[in-house]
Amino acid sequence: MHSFFCRGSEVVASGRKINFDKGWKFHPGSAPNAEQPEYNDSKWRIQDLPHDWSVEPLPAQKEGITTGPFSRMSEAGDDTRSMGGGGWDVGHTLGGEGWYRKVFTIPKEEAGKRFSLYFEGVHSQSEVWINGKKYIITRMDTPLTK
């Protein structure tokens with residue numbers, strides 16, 4: 001699962017597009033309450049996009065079991081396939097959870113205008129959090145509305 005936290009927007013309603021690839025914060029794994037605007041992410045690393053956290057090496061490398069992001073545990077049976085496995089030979093990683101956060105502000109003169117956030121390359125079945133409100137991404141063009 002990928003989760004995003006966003007607060008406000010720098011994208012203006014005049015039709016301009018602003019690239020948001022720089023200056024995200026990233027945390028691999030679970031981060032309870034990270035969807036809350038006041039969450040302290042000061043210890044998270046700065047990460048520019050594009051980035052695919054699922055291909056980073058697993059934190060606990062064990063000879064004969066793990067290589068980079070791959071684990072022989074993913075071929076143990078059907079119960080582990082739900083974790084994103086699929087077998088050592090097919091190149092599937094174990095999957096899991098990773099968090100990306102970015103804070104941005106809507107200028108007062110832009111308040112009340114319509115804004116669009118476009119996430120290119122976000123996995124389907126991801127979550128996007130804006131000001132503590134959850135949106136489920138089920139396809140790449142899921143609209144985020146009030």
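Guide: Helices (H or I, at least four residues) and strands (E, at least two) are DSSP runs, numbered from the N terminus. By that rule the chain has one helix and eight strands, in the order β-β-β-β-β-α-β-β-β along the sequence. The model is predicted, so local features need pLDDT of at least 70 and side-chain atom pairs count only at pLDDT 80 or more, while totals for chains, interfaces and linings use all residues. Residues are numbered from 1 along each chain as its sequence is written, and side-chain values use heavy atoms, with hydrogens and water left out.

Visitor: What makes β2 and β3 a pair?

Guide: Two strands pair if DSSP finds at least two bridges between them. Strand β2 (residues 24-28) and strand β3 (residues 45-47) share three bridges in the antiparallel sense, so the condition is met. Trp24 stands opposite Gln47 in β3.

Visitor: How do you know that β2 also pairs with β6?

Guide: The test is again the number of DSSP bridges. Four bridges join β2 to strand β6 (residues 98-103), and the two run antiparallel. Here Pro28 is opposite Gly98 in β6.

Visitor: Why is the contact between Asp41 and Arg101 called a salt bridge?

Guide: The term requires a side-chain nitrogen of Lys or Arg within 4 Å of a carboxyl oxygen of Asp or Glu. For Asp41 and Arg101 the N to O distance is 2.8 Å, so the pair qualifies. Asp41 lies in the loop between β2 and β3 and Arg101 in strand β6, so this salt bridge ties together parts that are 60 residues apart in sequence. Lys25 joins Asp41 and Arg101 in a network of salt bridges. The structure holds six salt bridges.

Visitor: What makes Asp41 and Arg101 buried?

Guide: Buried means under 20% relative accessible area, exposed over 50%, and partly exposed in between (1.4 Å probe, protein chains only). Asp41 has 12% relative accessibility and therefore counts as buried. Arg101, at 2%, is buried as well. Of the 146 residues of the chain, 33% fall in the buried class.

Visitor: Which classes do Glu110 and Lys113 fall into?

Guide: Glu110 is at 12% relative accessibility and counts as buried, whereas Lys113 is at 42% and counts as partly exposed. Their closest N and O atoms are 3.3 Å apart, and they form a salt bridge.

Visitor: How do you know that Lys134 and Glu127 form a salt bridge?

Guide: Their side chains meet at 3.6 Å, N to O, so the distance criterion is satisfied. Lys134 is partly exposed at 41% relative accessibility, and Glu127 is buried at 13%.
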